[in-house]
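Please examine the sequence and the model shown below. The paragraphs after it lead through the arrangement of the chains, the enclosed spaces, one sheet and some points of backbone geometry.

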2 protein chains.
Amino acid sequence: VKTDVAAPEPGAADHQLEPLLSPRSIAIVGASERDGSIGHAILSNVRSAGFAGAIYPIHPSAATVLGLRAWPRVSAVASSIDLAVIAVPARHVESVIDDCIEAKVRGVMIISAGFAEASDAGRAMEKRLCDKVRSAGIRLIGPNCMGLINTNPSVRLNATFTPIWPPAGNIGVLSQSGALGLVMLDHARALNLGISTFISVGNKADVSGNDLLQYWRDDPDTAVIALYLESFGNPRKFARIAPQVSRCKPIVAVKSGRSAAGTRAASSHSAALANLDVAVDALFEQAGVIRTNTLEELFDVTALLSSQPQPRGPRVGVVTNAGGPGILLADACEVRGLTLPELSDATVERLRGFLPEHAGLANPIDLVGSDSPEWFERAIAIVGADDRVDAIVAIFIPPLMTTDPQEVAAGIARGAAALPAHKPVVSVFLSTRGTPDMLSAGPRGRIPSFTYPENAAMALAAAYRHACWRARPVGVMHTLPADRLEAVRRVIDSRITQADPDMWLEADDAFDLLEAVGVACARPRVASAADAVAVAESIGFPLVAKAVAPGLVHRSDVGGVIMDLVDADAVRNAIDTLDRRMRQAGRTLTGVLLQPQISDGIEALVGVTSDPVFGPLLVCGMGGVQVELLRDVAFRLPPVSDADARDMLDEVRSARLLDGYRGVGPGDRDALIETIMRVSALVEAAPEIREMDLNPVKVRAPGRGAVAVDVRIRIGPPPGDADAPSDAVLTDSLRRRRPAGPV
Amino acid sequence: VKTDVAAPEPGAADHQLEPLLSPRSIAIVGASERDGSIGHAILSNVRSAGFAGAIYPIHPSAATVLGLRAWPRVSAVASSIDLAVIAVPARHVESVIDDCIEAKVRGVMIISAGFAEASDAGRAMEKRLCDKVRSAGIRLIGPNCMGLINTNPSVRLNATFTPIWPPAGNIGVLSQSGALGLVMLDHARALNLGISTFISVGNKADVSGNDLLQYWRDDPDTAVIALYLESFGNPRKFARIAPQVSRCKPIVAVKSGRSAAGTRAASSHSAALANLDVAVDALFEQAGVIRTNTLEELFDVTALLSSQPQPRGPRVGVVTNAGGPGILLADACEVRGLTLPELSDATVERLRGFLPEHAGLANPIDLVGSDSPEWFERAIAIVGADDRVDAIVAIFIPPLMTTDPQEVAAGIARGAAALPAHKPVVSVFLSTRGTPDMLSAGPRGRIPSFTYPENAAMALAAAYRHACWRARPVGVMHTLPADRLEAVRRVIDSRITQADPDMWLEADDAFDLLEAVGVACARPRVASAADAVAVAESIGFPLVAKAVAPGLVHRSDVGGVIMDLVDADAVRNAIDTLDRRMRQAGRTLTGVLLQPQISDGIEALVGVTSDPVFGPLLVCGMGGVQVELLRDVAFRLPPVSDADARDMLDEVRSARLLDGYRGVGPGDRDALIETIMRVSALVEAAPEIREMDLNPVKVRAPGRGAVAVDVRIRIGPPPGDADAPSDAVLTDSLRRRRPAGPV
């Protein structure tokens, strides 16, 4: 199979997981003759899959289990053990773990349930076990999982309690649900999707999705990663690891639990705009993870990426023997951002050379009911050779009196073999009798076949979108110099120690933070009548002047606001006028607030909201209540690079206002991007920021910058590590243990 | 099978189509011994399906065909013939038709291709044939079709060239593509979807989708209608017929050809917002047609509606034996507007009574890996009895060592039988081995089974949405009295006769039209200095005054606009001021434009755009460039009822502004609805209106109305009948021929 999947980045393989996923010896604790027991099923499956290493059944009393010599304890086995699989009741697991540590096994997998998922006591026990194995330098999969599979011929391990043995292939599969793991294996077998490694991670007490992503990144058997996730242990670590992995191996994921989002108090605009699912979307978007809406889409996208290169462009060439499905495909392509281009004159000429007069020569090429393998072969080869086409879809509805769909499939395979290697080719066999084997028997290898035209379009569009993500520059982050960082910490630290654990900052503090990170803002300053002109000149014109007078509440009711001050004279006049008006209102003018007046600019919103699991999230959108109603905003996890910020604005549909729209000139997009990056740098420096609104940010003409006119910031204690306790520690530990050079 | 599908409305069955779809005798022209010929295939299929009526093979010379006595011509057959199926080369079809007319057959179906789809000559020939049969009072299916199927045991007709005989059932199927018709039959058989009638309509020269909708409405064998459409012959007729049919029998449709939308000149806001696909969406929305995105969804929704009642509410109760798929279902439900409510205490108590401690008793009910048929049965019955639940989903992942999925299926079926009849029940069997038969063997009859949880959620959501549509009041239309109609026609007729076939109306004409249909508008009126006060008082205050002076171009540059005139004195002062300013500018004030000043109100847009096939389309949205960028608008085909207009505003997300939002008070929603209805009445009266923008319409506080501040109207020749030539005529003809009383 030829794909354009980039070679893994050079680097050390993860030696810690290797003994677990590619063991040379395995102990099965709980192995049993009793049909129906988990231990029996696992031992049977390990044997029937033809495990290449040594098998040590552990049984308290039996001399043999299923004809294999059994040992009473793991530590009783003389040889070294890579993986101990534990399938005994939860209450016995701890002593088994102790024994495993004594035996110096290199990894354990706890199948048993009854831990964190079951009760508080179970959670405590799980924590204890995890601490124990970690102290001993042993990695742990589970508990509460259904096991793992490695199809590499030199391993052939099925340490699960399902006898399903999927085809060997290049897909690494992780399931956080044991039951859906079964479903995935079942479908992989039915769809002939080849799997390298399958891991049911269970409660993820130790080995997490992040660990497995790093393992697969360096695993030569794996080219595509498929995830079924229900939660993130450490989303910020995922945010660091997944993009590196995605750059060389596509990650396709179903993340369930959207409805667990719940409702959080919406005390600011930004928070009202967010929910847990936007955080997941933002994370996946940044990390280049292909999120599919359904399990079916997961299989479809994985089928494409595991056998075909990613399309270099959005242009699809279609060869079909019926008009209807060609139209359905064209519709589904356009909806998802792909196109069906016109073919070159030369291509049309070559097609005309052998196709009958009534064949359709526009794209889709319509073979009008034909079941000629030769027509399919030639049409695919010709259309695929056209420079105007980036990907090929062959659609076949078996006619009633067709000789043999196998022959058509073979014709498609021959046509596919003639294509440039970098162009993906897929097929749609519209028949409930399934896909003929011959489709994948040609030199091109496996050609994915979809049940319906729409599925093919969805998969190609996802692959193309991912290719675009890869082609995107990595981007640069904004890093705060030490003095700026100090300025930020000074404000935060002086406030966070106060009694109120969760508070909105005073305007002065909020503007201090913005200025510390270099966000331009229309900060109001207080001046006395005497120094008003000097202050005004230091701020710059035009200005708004607002009366400061003891007891004054409704300032504008008594003419206490004067706009459009364009020079020193205007300021002097305004002071006089305000003084007079205050006296008329029975007040005394004690000073004046001077604020830069930003009359121009397109209104935007830049903000921060916090997710209990994900921590701070950046949000941006354009101004206006309607946009807020319409949720036309984009979210990202900090740190946000310039490329990320640019993507955010591309995602916000109304940000096209920045290009100029219906008589209003363009806005300084780069300045808004800069503002987003600086706000990102601010929350990185001050994780205590729970919520923040810069609203509006006035985005002025190109070159004139973007100015925050108003700001609100809420701070609170920095998010604890309760949700992501040990992973971060583990990373460091991993780093230390990893050998210096490549292996 | 029990469903809550309403009984068909009383009315005459369509006797014209009955001889074609339920013939008692059939002639097959082109019947042949030659294996591989269409005529051979059709005769074979008619016989092997066990056609209940008489079969007359027509062959120029043979005495028998396939052992049946053959006739040389249709007119040679002594008995009367209900349906003549014609499968001879296109060039011979006309003489066959002549012969059929002579033989007084009641209907013909032309399988042969080579007509309008092939060439201009073919199109002319098709037109000629169609005129001939219509003159003779004969109905025609095709040409260029793959035939029809009727599974009723008293008919058993397979007059197609596919041997696929689908299960008998209550689904009427129309395919505009022969090839996709094949696919639909193939899948119906594989999914065990029961079909009443299947028709491949081909070129729709005579019998159209609209005719079949009317047939199925009155057909006791049909409860659900599934359509694959590529085009509309007469969308406005569809708009009249489909809602009547939808009220008693759901219509599920895939309409392809979105990408054929093309690009039309966008000379106004409304036109820029439209494309062909929004017209189709609007049509289906108004007509209660369930539009699915994919073929797969068409099957899924049809499977549900053909066997289950429509849910009365959005609340779904879930019984599953695994957590993961339960979460996927919950997610998919919430995304589509369904909910998973908490169950009542009594329900939880009853479940606790027999389920183990570790079972999940929140909704979804999680049987944690069980394969107990009794648990499924009892849990389904208990959850289904809860008043908080409107629909039930049972999810089953076969455990590895399960005794027999058939037994679990039987348990689910027993539980389903205990449910209230009005609550739909569906299942998800997450296994590639398919659905056990026992699932549909209980007294509840067929229980649909979906491949993935997401499909079940999609189908239930579509059914619930349709139920909401049905529950919606039919609504009332605005009808123009004769004098108003005359006033409209006077303006249009005086302009449309002018040389320019396509023109923007002068402001005065446009406002005349609005006033004729009673749309409140801030119409400017010209006054002289002398009568300004009188005119102002007749308009009402506040007002804006604009100077009229020969040669004056940039009125506001010379102070020629004065706002906020609140009484007669202000008007007098304004005239003096304008007079002075004009003289200062070297101009002469000859008059003044007085326009009501609408300072309050929420801005909305009401407009009209035209589609070449669909004719005029109404559009509404809220004001603002961002909304326009975001396409937050709703479209409908006129005539628009109050219920339709209300739906439009529900569809426009930013119309929530009308409820009051962030400090701005609410708007007069009813007045905006009234405006939409009156604009609808206007385009009904003046089909020459091709484009129209009321922008902005100021929607004032409740009770204060909505006022169009600006209006643009483009007129052109009324849309010809080129796209919808004969259907309208045919309706009248049908009406005349139909017997007076119910049959």
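In this predicted model, a turn of 180° with a shift of 0.0 Å along the axis lays chain A on chain B, and the RMSD is 0.1 Å. This is the relation of a two-fold axis. In general, a rotation about an axis and a shift along it relate two copies of a chain. The interface follows the same pattern: 100% of the interface residues of chain A are also interface residues in chain B, so the copies meet through the same surface.

The interior may be considered next. The structure contains 2 cavities of 30 Å³ or more. The largest cavity has a volume of about 90 Å³. Three elements of chain A, namely β10 (168-175), α5 (178-191) and α10 (295-305), each contribute at least two residues to its lining. Helix α10(A) gives the most, with 3 residues. Among the residues that line the largest cavity are A:I171, A:V173, A:M184, A:A188, A:L298, A:F299 and A:T302; A:L193, A:I195 and A:A226 line it as well. What is the character of this lining by class? It has 9 nonpolar residues, 1 polar residue and no charged residues.

The second largest cavity holds about 80 Å³ of space, and residues of chain B line it. Here β10 (168-175), α5 (178-191) and α10 (295-305) of chain B each supply at least two lining residues. The lining includes B:I171, B:V173, B:M184, B:A188, B:F299 and B:T302, together with B:L193, B:I195 and B:A226. By class, the lining of this second largest cavity has 8 nonpolar residues, 1 polar residue and no charged residues.

Attention now turns to a sheet in chain A. Its 4 strands form an open sheet with antiparallel pairing, in the order β21-β24-β22-β23. The edge strands are β21 (525-527) and β23 (561-565) of chain A, each of which pairs on one side only. From one strand to the next, the twist averages 25°. Strand β21(A) runs antiparallel to β24 (residues 591-596) of chain A, and 3 bridges join the two. Within β24(A), A:V592 is the bridge partner of A:A527.

Which helices pack on this sheet? Helix α18 (residues 532-539) of chain A does so by touching β21, β22 (543-548) and β24 of chain A, and the direction of α18 makes about 15° with that of β24(A). Helix α19 (residues 568-584) of chain A also packs on the sheet, where it touches β22, β23 and β24 of chain A. The direction of α19 makes about 170° with that of β23(A).

Some details of the backbone complete the account. In chain A, the peptide bond from A:P638 to A:P639 is cis, with omega near 5°. A:P639 is found in the loop between β27 (633-636) and α21 (642-651) of chain A. In chain B, a cis peptide bond joins B:N695 and B:P696, with omega about 5°; B:P696 is found in strand β28 (residues 689-699) of chain B. Finally, A:N192 has a phi near 60°, a positive value in a residue other than glycine. A:N192 lies in the loop between α5 and β11 (195-200) of chain A.

Technical notes. Residues are numbered from 1 along each chain as its sequence is written. Chains are lettered from A and ligands numbered from 1 in the order in which they are written. This is a predicted model: local features need pLDDT of at least 70, side-chain atom pairs count only at pLDDT 80 or more; totals for chains, interfaces and linings use all residues. Side-chain values use heavy atoms; hydrogens and water are left out. Two strands pair if DSSP finds at least two bridges between them. Axes are lines fitted to C-alpha atoms, for helices over the stretch in contact, and angles run from 0 to 180 degrees between N-to-C directions. Contact means heavy atoms within 4.5 Å. Copies are superposed by least squares on the C-alpha atoms of residues with pLDDT of at least 70 in both. On a 1 Å grid over the protein atoms alone, a cavity is a set of points where a 1.4 Å probe fits but cannot get out, and a pocket is an open set with protein on both sides within 12 Å along at least five of seven lines; lining residues have an atom within 4 Å of a point. Grid points are joined across faces, edges and corners, and a volume is the space filled by probe spheres set on the points. Ala, Val, Leu, Ile, Met, Phe, Trp, Tyr, Cys and Pro count as nonpolar, Asp, Glu, Lys and Arg as charged, and the others, Gly among them, as polar.
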